[in-house]
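Okay, thanks everyone. Let me put the model up, and then I'll walk through a pocket, a helix and one threonine.

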Amino acid sequence: MTASKHDRGGLEDPRCLLLDLDGVLVDTRPVMEIAWRAVQEAHGVNIPFETYQEQLGRPFDDIMARLGLANAEEIHRTYAEASAAASHLAQEFEGITDVLLAVAADGWSLGVVTSKPLARATPLLARLGCPFVTVRGPEGHGRGKPAPDPILLALIDLGADPADAAYVGDMAVDQEAARRAGVSYIHAGWGYGRPTGPCPAVADTPRQLLHLLGVSTPNGPFVEGGLL
């Protein structure tokens, strides 16, 4: 049975779904670990990957500043080259494509708001084969997450109001950006971070997004990894 807006964690029937990329749509942690190891070796950085991972969701230059690393441009070049070489290790999360296709079939507009440069984000999104109407990255106007700018710009692209949208993320900066943009937030429990208070709606698996959004499961049994 489709959930009503009164039993879906407070979501008020948004019809525009925006999603983060890393940790929500695609598991890029193996790629990021290799890229960060290349940074450590090339630039003598002794900051562990786990510390870098805690800052995910922010633009790269912001992360470098928070980690106290001054040569952000050179580090970013090393990181980007290593990421591109290891991009084949990234895998979409099981079931996420089928869920998004079901959401789109229910009449929702889909968009992506990520801090990953579009040159690296676009090939990953192409693998999903989903009808994303807009993809907002760190390029262009506005501040990066946790500022609300990229979410609001994506809504402008879609011609949607914040009250009609939800954002799915996996890091504290995603939750803060959604709050500041005035959109409902759903935490991807399969991602890399934990939600902060006040506790948002949490989807432990991609399939649970359908329930939280009130989207009916397509005809036939739904299994993670495919709609049969």
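So, the lining of the largest pocket: going along the chain, we have Gln-175, Glu-176, Ala-178, Arg-179, Val-183, Ser-184, Tyr-185, Thr-196, Gly-197, Pro-198, Cys-199 and Pro-200. Keep in mind that this is a predicted model. The volume of that pocket comes out at about 220 Å³. Which elements supply the lining? Helix H8, residues 172-181, and strand E7, 184-188, each put in at least two residues, and H8 gives the most, with four. If you're thinking about chemistry, the lining splits into six nonpolar, four polar and two charged residues.

Okay, over to helix H1, residues 29-43. Those 15 residues reach 21 Å from first C-alpha to last, close to the 21 Å you'd expect at 1.5 Å a residue. Its buried residues are Val-31, Met-32, Ala-35, Trp-36 and Val-39. They sit on the same side of H1, because they cover an arc of only 125 degrees around the axis. And what covers them? That includes helix H2 (49-53), helix H3 (60-66) and H4. Right after H1 comes Gly-44, with a positive phi, near 65 degrees.

Last stop, Thr-78, which is in H4, residues 72-85. Buried or exposed? Buried, because its relative accessibility is 18% and the cut-off is under 20%. Leaving out neighbours within four places in sequence, Thr-78 is in contact with Ala-38, Val-39, Ala-42 and His-43. Val-39, remember, is one of the buried residues of H1. That's it from me, happy to rotate the view.

Methods
Residues are numbered from 1 along each chain as its sequence is written. This is a predicted model: local features need pLDDT of at least 70, side-chain atom pairs count only at pLDDT 80 or more; totals for chains, interfaces and linings use all residues. Side-chain values use heavy atoms; hydrogens and water are left out. Buried means under 20% relative accessible area, exposed over 50%, partly exposed in between (1.4 Å probe, protein chains only). Contact means heavy atoms within 4.5 Å. The expected span of a helix is 1.5 Å times one less than its number of residues. The arc is that of the directions from the helix axis to the C-beta atoms. On a 1 Å grid over the protein atoms alone, a cavity is a set of points where a 1.4 Å probe fits but cannot get out, and a pocket is an open set with protein on both sides within 12 Å along at least five of seven lines; lining residues have an atom within 4 Å of a point. Grid points are joined across faces, edges and corners, and a volume is the space filled by probe spheres set on the points. Ala, Val, Leu, Ile, Met, Phe, Trp, Tyr, Cys and Pro count as nonpolar, Asp, Glu, Lys and Arg as charged, and the others, Gly among them, as polar.
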